[in-house]
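Q: Could you give me a close look at the cysteines of this model? Please start there, and then lead me on to the ligand and the residues around it.

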Amino acid sequence: MRDVVIVGAGVIGGAIARELSKYKLDVTIVEKCSDVAMGATRANSAIVHAGFDAKEGSLKAKMNVRGSKMMKKFAEELGVKYKRNGSLVVGFSEEDRATLLDLKKRGEINGVEGLRVIDREEILKLEPSIGEKVTVALHAPTGAIICPYELCMACVGNAMDNGVELKLNFDVKKIEKHDGYYTVYSDNDSVSAKYVINCAGVYSDEIAKMVADDSFTVFPRRGEYMLLDKECGKLVSHTIFRCPSKMGKGILVSPTVDGNLLLGPTAENIEDKEDKSTTAKGLANVRMQASEQVSGINFGKIITSFTGLRSVGSTGDFIINENDGFINCAGIESPGLSSAPAIAEYVRELLVSAGAVLENKESFVAKRRPMHYFKECSDEEKNAIIKENPAYAHIICRCEMVSEGEIVEAIHTNPGARDVDAVKRRTRSGMGRCQGGFCSPYVVEILARELGVAYTDITKFGGESYINIGKTKEV
Ligand SMILES: Cc1cc2nc3c(=O)[nH]c(=O)nc-3n(C[C@H](O)[C@H](O)[C@H](O)COP(=O)(O)OP(=O)(O)OC[C@H]3O[C@@H](n4cnc5c(N)ncnc54)[C@H](O)[C@@H]3O)c2cc1C
């Protein structure tokens with residue numbers, strides 16, 4: 001019998017697992033995919049929002065502002081790239097100025113520091129490439145950027161290093177309530193625990209229904225993005241949001257922590273919780289809006305496009321509640337990433353009020369070695385590492401300059417990579433200009449060797465996504 005089972009290894013499940021790993025508790029995370037961070041956490045805008053967007057007094061507002069204040073230290077401890085680049089919400093008219101003043105007021109009530117509404121002259125000093133028709137902006141110096149899936153992997157990895165168990169490919173199909181505990185079932189496995197924490201993203205309403213809780217629903221809202229080459233990453237330094245209008249919230253133009261330029265997302269309510277397709281219409285909309293916000297975007301440098309699905313809850317706020325030892329973390333749409341460390345604290349308190357006894361674990365280690373530490377080493381340090389292990393001198397991904405040593409490390413560091421995309425998310429191999437055209441076969445080879453399986457057993461993203469079906473002359 002475990003103390004806690006967490007359903008879903010996104011950034012919310014991961015942050016909660018990491019928080020609970022500070023205490024003497026037996027915790028298991030179950031995740032239906034073959035890796036962590038496969039839901040909304042994988043595909044989003046990667047912004048640590050300052051906190052002026054969410055309605056005053058809402059749980060979203062409280063979690064966002066607290067989470068944003070916690071994030072720098074949180075990311076530092078976990079060795080995750082984080083940059084406080086500040087944000088600008090840009091407007092094009094006097095009507096927009098009034099909206100921005102309202103946003104500023106809301107932000108101040110929420111507790112956001114340093115907000116200012118500024119005019120074009122000052123905007124140009126901050127962002128020389130700002131769109132020609134931009135006249136006014138709300139400047140939030142506390143806005144930041146982070147890598148969301150890296151944060152999730154680091155949370156889960158640190159939790160595992162501190163004793164949490166992770167069960168991948170565990171698709172929860174049924175939950176039984178017994179006297180004082182629950183049993184969570186997949187088709188071929190089960191875990192029993194005193195407390196269940198539902199962090200299943202867009203499926204969290206379906207998990208809640210398994211314990212007869214139909215108090216909310218969650219539907220997917222599609223957001224489409226374009227990602228541009230690192231050559232374009234310095235076009236802006238701030239995250240450039242668009243003033244919300246009758247047409248919706250609009251898209252953003254932002255540098256990423258890895259130096260690319262990100263444009264998007266659109267917002268379209270859909271029904272299929274698995275539909276992660278991009279559309280010509282959506283991407284054209286991104287292109288049109290981005291060009292109004294920022295001048296000189298080189299659309300010839302797009303290296304990929306992708307879609308993320310927001311989990312929109314029926315209550316309009318984050319749905320975080322506890323009943324009989326079952327905790328929901330549902331409807332965690334934006335700013336869920338920004339709020340993750342604060343939600344983890346909040347859930348810890350819910351567990352305590354549900355009767356869990358939390359005793360500090362003296363052996364808890366808060367720090368995790370940065371995933372990209374090798375890249376950040378000086379030449380002398382790199383030479384020393386290479387002397388010990390020449391695999392660090394063998395470059396596998398030429399676009400992102402990722403070595404064999406880093407790939408081997410990604411396979412053997414919690415939570416270990418088991419497929420090609422998992423290696424990509426940990427090391428960036430395959431994320432550059434050629435999008436894996438050159439390095440993928442080598443990554444397959446290294447995975448097969450390190451995991452002791454056949455070349456043909458390696459998949460792109462788990463399940464049936466096999467890359468090689470046999471030797472050429474045998475087929
Ligand atoms: C387009 C878009 C833009 C966004 N931009 C931002 C932003 O800039 N800043 C910000 O703060 N937030 C942003 N967000 C919100 C943020 O991404 C989410 O709030 C956050 O990722 C939610 O994390 P989660 O762990 O709740 O859900 P998810 O990441 O979706 O994780 C849920 C996990 O549960 C698993 N699961 C589901 N069903 C089962 C089952 N039956 N059994 C086992 N496992 C299951 C899934 O596989 C998944 O891994 C954005 C979201 C989107 C989609």
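A: Happy to. Let's start with Cys-232, which is buried, with a relative accessible area of 10%; the cut-off for calling a residue buried is under 20%. Please keep in mind throughout that this is a predicted model.

Does Cys-232 have a partner? The cysteine sulfur closest to that of Cys-232 belongs to Cys-399 and sits 15 Å away, which is too far for a bond. Cys-399 has another cysteine as its nearest neighbor: the sulfur of Cys-434 is 3.9 Å away, and Cys-399 is in no disulfide. A pair of cysteine sulfurs has to be within 2.5 Å to count as a disulfide, so a distance of 3.9 Å does not qualify. The count of disulfides for the structure is zero. In its surroundings, Cys-399 is partly exposed, because its relative accessibility is 37%, while Cys-232 is buried at 10%.

Gly-233 is worth a glance here too. Gly-233 belongs to the loop between β13 (218–228) and β14 (239–242), and this glycine is buried, with a relative accessible area of 8%. If you take Tyr-23 as a reference point, Gly-233 is 210 residues from it in sequence and 41 Å from it in space, C-alpha to C-alpha. Compare that with another pair: Tyr-195 and Val-5 are separated by 190 residues in sequence, but their C-alpha atoms are 6.4 Å apart. Tyr-195 belongs to strand β12 (residues 190–198) and is buried, with a relative accessible area of 11%.

Now to the ligand. A shell of 38 residues surrounds the ligand, and the closest of them are Glu-31, Thr-41, Ile-47, Ile-332 and Ser-338. By type, the shell splits into 21 nonpolar, 12 polar and five charged residues. Where does the ligand lie with respect to the domains? Domain 1 (1–81 + 145–217 + 314–371) and domain 2 (87–141 + 219–310) both contribute residues to the shell, so the ligand lies between them.

Several polar contacts can be picked out, and you may like to follow them one by one in the viewer. Glu-31 places a polar side-chain atom 2.6 Å from an oxygen atom of the ligand. Ile-12 takes part through its backbone, where a polar atom is 3.1 Å from an oxygen of the ligand. His-49 uses its side chain, with an N or O atom 3.3 Å from a nitrogen atom of the ligand. As for cover, the ligand taken alone exposes 1,000 Å², and the protein buries 97% of that area. The elements that supply two or more residues to the shell are α1 (11–20), β18 (302–313) and α8 (336–353).

Helix α8 leads us back to Ser-338, which has its place there. Ser-338 counts as buried because its relative accessibility is 0%, and its side chain reaches the backbone oxygen of Ile-47 at 3.2 Å. Both Ser-338 and Ile-47 are named among the closest residues to the ligand, so you can look at this protein-to-protein contact in the same view, keeping in mind that a polar contact needs N or O atoms within 3.5 Å. His-49 also has a contact inside the protein: the side chain of Asn-64 reaches the backbone oxygen of His-49 at 2.9 Å. Asn-64 is part of helix α2 (residues 59–78) and counts as buried, at 1% relative accessibility.

One more residue rounds off the tour. Ala-37 lies in the loop between β2 (27–30) and β3 (47–48). Its phi is near 60°, a positive value in a residue other than glycine, and Ala-37 counts as buried because its relative accessibility is 0%. Asp-324 likewise has a positive phi, near 55°, and is not a glycine; Asp-324 belongs to the loop between β19 (319–323) and β20 (326–330).

Conventions:
Residues numbered from 1 in each chain as written. Predicted model: local features only at pLDDT ≥ 70, side-chain atom pairs only at ≥ 80, totals over all residues. Heavy atoms only, no water. Near = heavy atom within 4 Å. Polar contact = N/O pair within 3.5 Å; in protein donor to acceptor, adjacent residues only side chain to side chain. Areas by Shrake-Rupley, 256 points an atom, 1.4 Å probe, with all protein chains shown as cover. Helix = DSSP H or I, 4+ residues; strand = E, 2+ residues; numbered from the N terminus. Nonpolar A, V, L, I, M, F, W, Y, C, P; charged D, E, K, R; others polar. Domains from an automatic or database assignment. Buried < 20%, exposed > 50% of the residue type's maximum accessible area, 1.4 Å probe, protein only.
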